[in-house]
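Q: Hi! I have just opened this one and would love a friendly tour. Could you walk me through it?

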Amino acid sequence: VSGKITYCGHEFQEFIPQRTSAYISQHDLHHGEMTVRETLDFSGRCLGVGTRYELLAELSRREKQAGIKPDPEIDAFMKATAMAGQNTSLVSDYVLKILGLDICSDIMVGDDMRRGISGGQKNRVTTGEMLVGPAKALFMDEISTGLDSSTTFQIVRFMKQMVHIMDVTMVISLLQPAPETYDLFDDIILLSEGKIVYQGPREHVLEFFESLGFKCPERKGIADFLQEVTSKKDQQQYWCRENEPYHYVSVSKFVEHFNSFHVGQKLDDELRIPYDKSRIHPAALVKEKYGISNWELFKACFAREWLLMKRNSFVYIFKTTQITIMSVIAFTVFFRTKMKAGHISNGTKFYGALFFSLINVMFNGMAELALTIFRLPVFFKQRDFLFYPAWAFALPIWVLRIPLSLLESGIWILLTYYTIGFAPSASRFFRQFLAFFGIHQMALSLFRFIAAVGRTQVVANTLGTFTLLVVFVLGGFVVAKDDIKSWMIWGYYISPMSYGQNAIVITEFLDKRWSTYHCSHLTPPQ
């Protein structure tokens with residue numbers, strides 16, 4: 001493929017095409033726990049106001065020069081739409097109204113397990129998510145998939161209103177649209193065998209095919225006619241020249257004829273003249289990779305993560321309840337009255353209790369794997385559309401999990417430390433607490449990493465099981481370090497469990513009560 005693509009006379013390296021244009025997929029990827037308004041507000045907050053601030057500054061400057069006093073209400077509206085980093089914006093309300101989503105703005109989007117808005121409304125949310133940003137060219141791929149003709153007509157009608165009101169360009173690919181949907185379009189691009197057969201106003205498309213001898217029957221939908229007229233199998237039924245025998249017109253012949261047709265010639269004449277760069281204001285092209293500063297991006301992602309945690313609070317309450325129940329089971333199995341300290345034979349019981357604690361704290365992070373996989377599709381979409389960089393997604397998750405790690409590690413230590421009968425020392429208590437906190441953080445991060453690498457539930461679960469097997473077997477408890485073969489010792493050193501286990505075991509067994517020999521005095525070396 002050769003040649004170059006320009007937008008308003010500028011090549012792609014001169015601006016950020018991902019933020020100047022937007023691709024709207026047929027797949028509706030959203031967080032089901034967020035409402036429609038929250039989804040659009042987050043999108044608008046991350047994408048920023050684009051060039052609206054610069055254009056408003058330029059407008060104000062020109063108004064002052066010309067001595068024009070703006071209308072107070074319009075001036076207030078324009079200033080409100082040019083404010084970046086707001087939790088909610090006027091632009092979101094505007095888009096909600098135009099897309100007809102104001103009736104369901106406070107209803108959750110919904111997912112497989114949560115009831116939410118309808119398919120057509122989800123489709124409009126997918127579109128609205130991009131419309132609140134600075135993009136002026138929108139490419140919509142098969143947005144009618146899974147929708148009935150009535151819903152498709154409603155969506156396209158809203159799109160037409162938006163195009164004419166907001167002065168944007170939309171290219172929408174549709175499969176067999178209904179006649180009333182087809183009539184909403186201004187221009188038609190007909191593709192066949194990878195070639196453009198027709199590109200121009202909708203009013204002239206039938207005239208083009210009639211000039212080649214093909215006529216659309218009165219009771220036939222024009223969209224269906226256009227899809228069949230280039231097909232070798234269906235073409236003959238539309239032949240209208242009774243005084244001439246039918247002959248197959250190939251796609252190449254259609255393309256050749258279009259170049260000589262008045263619409264094709266007009267298009268060719270327009271493209272021959274290079275676009276005058278001076279006609280466009282410098283602020284009209286988006287040249288910043290992200291819409292807002294790094295700190296604002298972090299705040300936006302942090303606020304969303306906190307919201308998602310509150311909406312998924314059952315998971316975290318269940319995890320806390322689970323570790324509480326397991327700690328009660330742990331201290332009843334390893335109760336201090338049966339655990340005598342100071343003898344090697346009893347040391348194995350304490351070692352077992354520590355290992356059991358380690359396993360429970362580690363497995364408590366398993367839920368992170370499913371939660372991360374659940375969010376990955378939305379993350380990949382928003383990262384690719386330059387909503388935010390990957391660190392802005394990952395950092396708030398880590399920060400917000402710290403209090404959870406402290407809580408869950410604290411519950412385990414408080415309920416098990418003195419009831420099992422570990423070393424009665426405040427310093428060792430807090431050291432063990434710190435070790436368990438580190439282990440819990442490691443487990444959460446490990447499962448998040450596995451989810452990010454696996455990307456799908458099946459692959460991530462398989463990877464997770466294998467990783468846990470390696471971590472447990474080569475952690476130094478199931479198989480002692482000295483028994484691990486030399487060619488497998490790398491597994492011991494990369495296993496995070498070995499470090500966690502060494503930390504909690506050293507904390508316990510370096511206590512004075514485990515010392516067999518007591519020296520009354522120390523003899524200085526000679």
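**A chat about the structure**

A: Happy to! A good place to start is W412, which counts as buried at 0% relative accessibility. Keep in mind that this is a predicted model.

Q: Which ring does W412 pair with, and how far apart are the centres?

A: W412 pairs with F356, and their ring centres are 6.4 Å apart. The planes are at 45 degrees, so this pair is tilted.

Q: Where do F356 and W412 sit along the chain?

A: F356 is in helix α15 (residues 344-363) and W412 is in helix α17 (residues 390-420). They are 56 residues apart, so the pair links distant parts of the chain.

Q: And F356, buried or exposed?

A: In between: F356 is partly exposed, with a relative accessible area of 25%.

Q: How many aromatic pairs are there in the whole structure?

A: A search of the whole structure gives 35 aromatic pairs. One of them is formed by F208 and F261, with 5.2 Å from centre to centre and 65 degrees between the planes, an edge-to-face arrangement.

Q: Which parts does that F208 and F261 pair tie together?

A: F208 belongs to helix α9 (residues 205-210), while F261 is in the loop between α11 (251-260) and α12 (262-272). The pair therefore ties together parts that are 53 residues apart in sequence.

Q: Are F208 and F261 buried or exposed?

A: F208 is buried, with a relative accessible area of 0%. F261 is buried too, with a value of 8%.

Q: Which aromatic cluster includes F208 and F261?

A: One aromatic cluster is formed by Y198, F208, F209, F214, F225, Y238, W239, Y246, F254, F258 and F261.

Q: You mentioned α11 and α12. At what angle do α11 and α12 pack?

A: About 70 degrees, with their axes 5 Å apart. That makes α11 roughly perpendicular to α12.

Q: Which residues make the contact between α11 and α12?

A: From α11 there are F258, N259 and S260. From α12 there are H262, V263, G264, Q265 and L267.

Q: Going back to rings, which charged residues sit over one?

A: Here are two. R157 lies over the face of F158, at 5.5 Å from the ring centre. The charged end of K232 is over the ring of Y248, 5.4 Å from its centre.

Q: Let's switch to strands. What is the order of the open sheet of 3 strands?

A: The order is β3-β4-β5, and the pairing is parallel. On average, neighbouring strands of this sheet are turned by 10 degrees against each other, direction ignored.

Q: Which strands stand at the edges?

A: β3 (21-24) and β5 (169-173). Each has a single partner strand, so one side of each is left without a neighbour in the sheet.

Q: What holds strands of a sheet together, in general?

A: Strands of a sheet pair through backbone hydrogen bonds, either parallel or antiparallel.

Q: How many bridges join the strands here?

A: β3 and β4 run parallel and are joined by 4 bridges. Strand β4 (residues 137-141) pairs with β5 in the parallel sense over 5 bridges.

Q: Can you give me residues to click on?

A: Sure! Y23 has F139 in β4 as its bridge partner. On the other side, A137 stands opposite T169 in β5.

Q: Which helix lies across β3, β4 and β5?

A: Helix α6 (residues 119-131) does, running at about 165 degrees to β3.

Q: New topic: which residues other than glycine have a positive phi?

A: Among them are C8, with phi near 55 degrees, and E193, with phi near 55 degrees. For background, most residues other than glycine have a negative phi.

Q: Where are C8 and E193?

A: C8 is in the loop between β1 (6-7) and β2 (10-11), and it is partly exposed at 22% relative accessible area. E193 lies in the loop between β6 (187-192) and β7 (195-201), where E193 is exposed at 64%.

Q: One last stop: where is D482 found?

A: D482 is in the loop between α19 (457-473) and α20 (489-494). D482 counts as exposed, at 74% relative accessibility. Its C-alpha atom is separated by 32 Å from that of S405, which is 77 residues away along the chain.

Note on methods:
Residues numbered from 1 in each chain as written. Predicted model: local features only at pLDDT ≥ 70, side-chain atom pairs only at ≥ 80, totals over all residues. Heavy atoms only, no water. Phe/Tyr/Trp six-rings, centres within 6.5 Å; stacked < 30°, edge-to-face > 60°. Helix = DSSP H or I, 4+ residues; strand = E, 2+ residues; numbered from the N terminus. Buried < 20%, exposed > 50% of the residue type's maximum accessible area, 1.4 Å probe, protein only. Lys NZ or Arg CZ within 6 Å of the ring centre and 35° of its normal. Pairing = 2+ DSSP bridges. Axes fitted to C-alpha atoms, helices over the stretch in contact; angles between N-to-C directions. Contact = heavy atoms within 4.5 Å. Parallel < 35°, antiparallel > 145°, perpendicular 65-115°, else oblique.
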